Amino acid sequence: MKYLFRFTYLQALSCIFPVIIFAALAVSKLVDIPGLPRYDFILLICLAAQVFMLVSKLETIDELKVICLFHAIGLGLELFKVHMGSWAYPEEAYSKVFGVPLYSGFMYASVASFICQAWRRLDLRMYNWPKPVFAVSISVLIYMNFFTHHFSYDIRWLLKVLLVMIFLKTIVTFRLHDRVFKLPMILSFLLVGFFIWLAENIVTFFGAWQYPNQQAAWSLVHIGKISSWFLLVIISIIIVAQLKRVKSGMAESSAGEKAMFPWVAVFSKHGVVEGQKK
């Protein structure tokens with residue numbers, strides 16, 4: 001039982017940024033501020049939350065860097081998806097750019113914040129990490145497919161098969177008190193994707209954005225969206241890996257590997273990834 005309490009406590013600490021966003025969505029749904037559109041209010045709260053996380057040292061400068069990067073990646077995806085009609089932000093705001101409010105990038109940044117915080121607090125380590133060329137390539141293909149499937153074939157099922165093949169032997173461990181627990185990497189991707197899907201249902205209920213089937217009345221986000229978040233998690237892991245490289249410096253690695261995939265070196269330095277495939 002003590003391990004469950006410890007896990008819940010650390011997860012709650014890691015979710016501070018997402019919880020602040022949820023609270024802002026809930027409050028802005030119930031309270032109107034004269035002269036301040038709702039989306040702009042949420043943006044101000046997100047900016048204030050980011051400053052709070054940094055000043056209170058709940059977040060480091062290096063973690064802020066990776067969160068900003070994920071914010072930019074997410075905002076780019078939002079601009080494209082809204083343009084293609086995948087979802088919409090129906091309310092007016094001063095901070096909307098091409099139909100996308102700037103606070104939307106913080107929704108993705110909050111995922112990166114959670115991963116950074118959980119990685120540090122739970123002492124995450126990964127074993128049998130695949131060759132960098134496979135991990136990086138599958139991430140690029142996943143991100144590209146979010147765009148290209150609108151114009152050509154959707155290869156997400158092929159990507160899932162490749163993910164299983166690449167990460168089949170990869171294990172992630174986390175520490176609670178004096179005990180280490182382990183989990184298959186694929187299962188951890190799926191669990192994170194599932195919980196993000198649950199969070200997505202909450203934020204769409206509060207009107208963070210709106211899918212076409214939610215225009216008349218709110219309804220459950222399609223369960224198939226779990227697979228989209230599942231695929232997006234691997235990109236998040238690689239971004240956080242880059243953060244680890246920035247924080248810890250380059251580990252001993254072959255010159256060619258450093259030049260092509262410097263982010264993976266930090267894993268071997270701190271045992272974050274052990275037994276990397278040769």
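Phe 195 is exposed, because its relative accessible area of 52% passes the 50% cut-off for that class. The model you are looking at is predicted. Where does Phe 195 sit? Its place is in helix α8, which covers residues 185-205.

Phe 195 also belongs to a nonpolar surface patch of about 500 Å², shared with Leu 187, Leu 190, Leu 191, Phe 194 and Leu 198. A general point about helices helps here: an α-helix has 3.6 residues a turn, so residues three or four places apart point the same way.

Now step back to the whole protein. Its 278 residues include 47% that count as buried, and its fold has 11 helices and six strands. The protein exposes about 13,800 Å², with 71% supplied by carbon and sulfur atoms. Among contacts with a separation of 6 or more, 71% link residues 24 or more positions apart.

Helix α4 is a nice one to check with a ruler. This helix runs over residues 61-83, and its 23 residues should span 33 Å at 1.5 Å a residue; the end C-alpha atoms are 33 Å apart, so the two values agree. Just after α4 comes Gly 85, with a positive phi of about 80 degrees.

Positive phi values also turn up in two residues other than glycine, Lys 57 and Phe 98. Here they are side by side:

| Residue | Phi | Loop | Relative accessibility |
|---|---|---|---|
| Lys 57 | near 65 degrees | between α3 (38-55) and α4 | 70% |
| Phe 98 | near 50 degrees | between β1 (96-97) and β2 (100-101) | 75% |

Are these residues buried or exposed? Lys 57 counts as exposed, and Phe 98 counts as exposed too.

Definitions and conventions. Residues are numbered from 1 along each chain as its sequence is written. This is a predicted model: local features need pLDDT of at least 70, side-chain atom pairs count only at pLDDT 80 or more; totals for chains, interfaces and linings use all residues. Side-chain values use heavy atoms; hydrogens and water are left out. Patches are made of residues with over 30% relative accessible area and no salt bridge: like charges are joined within 9 Å, nonpolar side chains (Val, Leu, Ile, Met, Phe, Trp, Tyr) within 5 Å. Accessible areas come from the Shrake-Rupley method with a 1.4 Å probe; for residues, only the protein chains shown count as cover. A salt bridge is a side-chain nitrogen of Lys or Arg within 4 Å of a carboxyl oxygen of Asp or Glu. Helices (H or I, at least four residues) and strands (E, at least two) are DSSP runs, numbered from the N terminus. Buried means under 20% relative accessible area, exposed over 50%, partly exposed in between (1.4 Å probe, protein chains only). Contact means heavy atoms within 4.5 Å. The expected span of a helix is 1.5 Å times one less than its number of residues.
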